[in-house]
Structure formats: C-alpha cells, structure tokens
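Biologist: Could you take a close look at one part of this model for me, and walk me through what sits around it? I'd like one connected story.

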Amino acid sequence: MGFKNYANLINDSIFWSSLKVTLFFVGSCLFFEHLIGFIVALLLSLITKFRGSLAVCFVVPMMLPPITAALIWKLMYRPTGVLNWFLQIVALPPLTWVLSYTWVIPSIVITDVWQWSPFVMLILLAGINAIPQEIFEATEIDGGGFYAKVRYIILPFLIPLLIVSFLLRFIFIFTTFDIITGLSGGGPGHASMTLYFYSYLKSFQWLRVGEGGALSMVIFAMTFGVGILLLRKILKPGEK
Amino acid sequence: MVKISRKATIAVYSLILFLLAIYWFPLLWIFLTSIRTRQETLAYPPVWMFKPTMESYIYVLTESPFLLALLNSILVAGVSTIIVMGMAIPAGYALARFKFPGRDDIGFYIISTKMAPPIVVLFAFYLLFFKLGLLRTHAGLIILHIALNLSLATWLLKGFFEKTPKEIEEAAKVDGCSDLKVLQKITLPLTYPGILVTMILCLMFSWMEFIFASTITDPITRTVPVFIYSWLSFSQIYWERVAVAGILYMLPMLIFALVIRNDLVKGMSFGLVK
C-alpha cells in the first residue's frame, strides 16, 4: 500500500531510460509530422486541379491499420531488405535499422511520420483553404511576395489548427503501441521502450499491476498537463 | 489560395508527384509482397520481374478466418460509430447552442477525458468486464470504442455547430420550428462536411484500434488488426498474408475517403478557422 509502487519507479533504471526514449520519440515525430504535413499542405493549396483527389492519395497510408504499416516497414527494414538495397545502389553502407540500438527509434519515427503526417496535412490544408481570397489579393496590392504570404498570412491563420493537430498528435504519439509492437517490441534491449509500451508490458504481460498502474498515472499526468496547456490556448477566453 | 505563375504550377505539380512517389513506395511494396511467393519476398537483391501469384489472396480469403474477423470489424466499427454519432450530435449541439449553468465546464471536462491514455482505463475496464461477463464479446469492445471516440466527436461537432450562423436557426424558430426540428432541418444539412469528417474519424479510429481489441477479444470476436498480429510468431512472419489482409482491410476506408474527398478537405478545419 501507499506509495511503494511510485518509489519503485524512481529506482527503476528502465523507467528513466524509457522516459528519455519517449521524449525523443514524441518530439521528433511531432516535429517531422508537422514540418512535412505543412509542406505538402502548402503545395496542395497552390494547385487547383485534382486537389481533392491528390490529397486523398497522400492520405492512403493513414488508412492502413498501423500494425500492417509496421510489419511492411519491418519487411523493408530487414538487413537484406529493399531499403538496404537502395543504400547499396547509392553506395552507402547498409544499416541494421530496427535491430540496432541507435537506429531503432529513428526507424520507428520514419514509419510513424510516413503514416501520420497526412493527418496533419489534411487539417492544415483545410485551414489554408478557408483563408478568404481577399486577404491574398490585398497583400498582392501591397507588393507582398510568396514568402510574405506564407509568413504573414498563412502561418498566423493556421495557429489554432496547428495547436489542435499538435494536441491530437501528441496524445496519439504518446500512446503509440501497435507500431512499436510490430517493428521492435521495445527492443533491442530497452532501446525502443517508451513509457506507454513499458506500462502495457508491466500491467498485461508481466502482471505487475501495481507498478503498471503507477506508471500509467505518470503517463496520465504528463499527457493531461500538456493537453490542458494546449487546450487553454484554443478555447475562447470566456470558456476557460 | 496563393496564385502562382504557369511555370511555378508545373514545378509544384512535379514536386507533388515526386513526394507522392516516395509516399507510395511502401504501398507498392505491400502490393508486390501480396502477389509474390515467400522466396521472392525474402530474396536479395529484390526480385522485380516475377510471375504474380494470387495464392496468398486465395489463402487469406478462403482458408484463414479473415472474413470472420472482417465481419467483427465491420460490426464493431459500424455500431460504435452509429452510437457515437447518435450521442455526440445532440451533446455537441446542446453545448454549442443552449445556455445552462456550467456549460463551459462540462465542455471542457468532456474533451479533457481524451487526455487520458487508453491504458489508464484499460485495466479498470478489464476487471469490470470480467465481473459483467463482457470479456470476449462484441458488446464489450463496442463499449470501449464508444468510450474512445465519444469525447473527441462531441468536441469536434460542437466546433462545427458553433460555426453555423445563429440567425438562420432563429429565423426557423420564429417560423415555429422546435429545437429538434431546427437541428434536423437546418443545422445538420449546413454542417454535413463536418459531420462526415467526424464520422470518418470515428470509423477509422475504431477500424484500426489495436490495444483494446487485442486485450479483450478472443479468436471468435477479434477484429482484423488483432487477427493480422497473429501471423507474427517467434519463428517467422507471414509477410504475404499480412500484406493481403492489409490491402483488403484498407479498401473500404479508402473508397469512403475518395467518395467524400471534397468534404474531407473542407471539414478537417474542425470549424476552428474564422
């Protein structure tokens, strides 16, 4: 009883390493998904013909169940897989991808970004589409170029949507489970063990429910904290 | 949208196609894997010229319980989405339009439950379902998927409803419409891109959900993602079956997304942009 489970966590080296892994994983996924999502949304907003169809073409990876996406990337990440074949063609040394301590997290990040940057793209594209045409025309009269339009019109306009996609993606990335299960299972060693995955293993595989519960409360505190912080920014002042 | 010159347009199109080619490479790989034999899948360097085989498709469709799992997925995703929409539309509408004490607090509370990672509630639900006899049932999984999607759906719909002009609704009320009639005849038709987007998101999240389904279902009630996972064993992974099942499972969602593509591009702004 009491806080023994929490005390055990503090002395648990896997907890600290998985905290580091989680922060790195969540940070890089969020960054790259938004960067790539924004670039693709901007490109799509520049064209008129086939915009909807091309947008759906980008969204196809999102329609795959993450477990399939993970397994198909695992196939490509094999030491004798197609990605190493590409590396060989451009005369780079082959990588061991998900089997290596250093590359396992970047590999998972690549898969997650591939699957979920289209989600961010859709949100941002909808936002850019909603910007009234007159504002762009007014900027043109004032002599604003392409860069000025992106920097001073599109970006400020997208801030509420960026916060929402940040919030949704943050929660989903933090609780990534199937992609890690499919690609690495937390290994090699504990190199790709995130807090969430660790807590699942504790509660449901090793049946150390007390410790798993303590861990999931820590996760809850983290997502809740960040979530409330972001939510306050988008809700109107009167609302909280 | 930003207007660009003809030359720039061509550049933008080629850039988009180039990015699309990168995005589609893994998809191409899934497709190739699904029509290759095991030896060809594992060969190095990769075999590009080969005789396509439909063997894996035939195996997955006739010999494996894929169709049973697909039915489970359709049942769970369909029923949970219908219930979620049925509850979230009135809830979102009430939060957007009616004035009652504590309205903003309730709205805030509803979306804040989305911050709880599934695993926090999973164990509690597991014990509860054990007592209620809901483990290994469709009903249990449907309840979990409703819990998963309801708060987000309510919150998204609230945003869409707030965006529709109040004046039209008020005019209808002056003409003698009840609140329910207004919602049905005026608000829903006006916000339908938003409703479609909310619906496809709920469908998708339920369609792909893995952690709940893998914990509480058995081989009879499991959904397709859990079923696909069963092809991953210690000794080997049945790559070509995984690929076939993934492709077949993706198709309904893809067709749905293609049909509503224009509303998808409109509705994903979540009613947040003025």
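Modeller: Sure, and keep in mind that this is a predicted model. Let's start with A:Leu122, which touches A:Ala55 and A:Val59 in chain A as well as B:Leu264 and B:Met268 in chain B, leaving aside residues up to four places away in sequence. A:Leu122 also belongs to the largest nonpolar core, a set of 135 residues. Along with A:Ile72, A:Ile123, A:Leu124 and A:Leu125, A:Leu122 is among those that touch the most other members. The top contributor to this core is helix H6 of chain A, residues 104-129, which supplies 17 residues.

Now over to A:Pro65, which sits in the loop between helix H3 (51-63) and helix H4 (66-77) of chain A. A:Pro65 counts as buried because 29 other C-beta atoms lie within 10 Å, and the cut-off for that is 20 or more. Again skipping residues up to four places away, A:Pro65 touches B:Met208, B:Val224, B:Pro225, B:Ile228, B:Gly246 and B:Tyr249. As for A:Val21, 44 residues away along the chain, its C-alpha atom is 24 Å from that of A:Pro65.

Since both residues touch chain B, here's a bit about that partner. Chain B has 14 helices and zero strands, and its C-alpha atoms fill a box of roughly 70 × 65 × 30 Å along the principal axes. Of its 274 residues, 42% are buried. Among chain B contacts with a separation of 6 or more, 77% join residues 24 or more positions apart.

Notes:
Residues numbered from 1 in each chain as written. Chains lettered and ligands numbered in written order. Predicted model: local features only at pLDDT ≥ 70, side-chain atom pairs only at ≥ 80, totals over all residues. Helix = DSSP H or I, 4+ residues; strand = E, 2+ residues; numbered from the N terminus. Buried ≥ 20, exposed ≤ 12 C-beta atoms within 10 Å, placed from the backbone. Contact = placed C-beta atoms within 7 Å. Core = buried A, V, L, I, M, F, W, Y, C linked by C-beta atoms within 7 Å.
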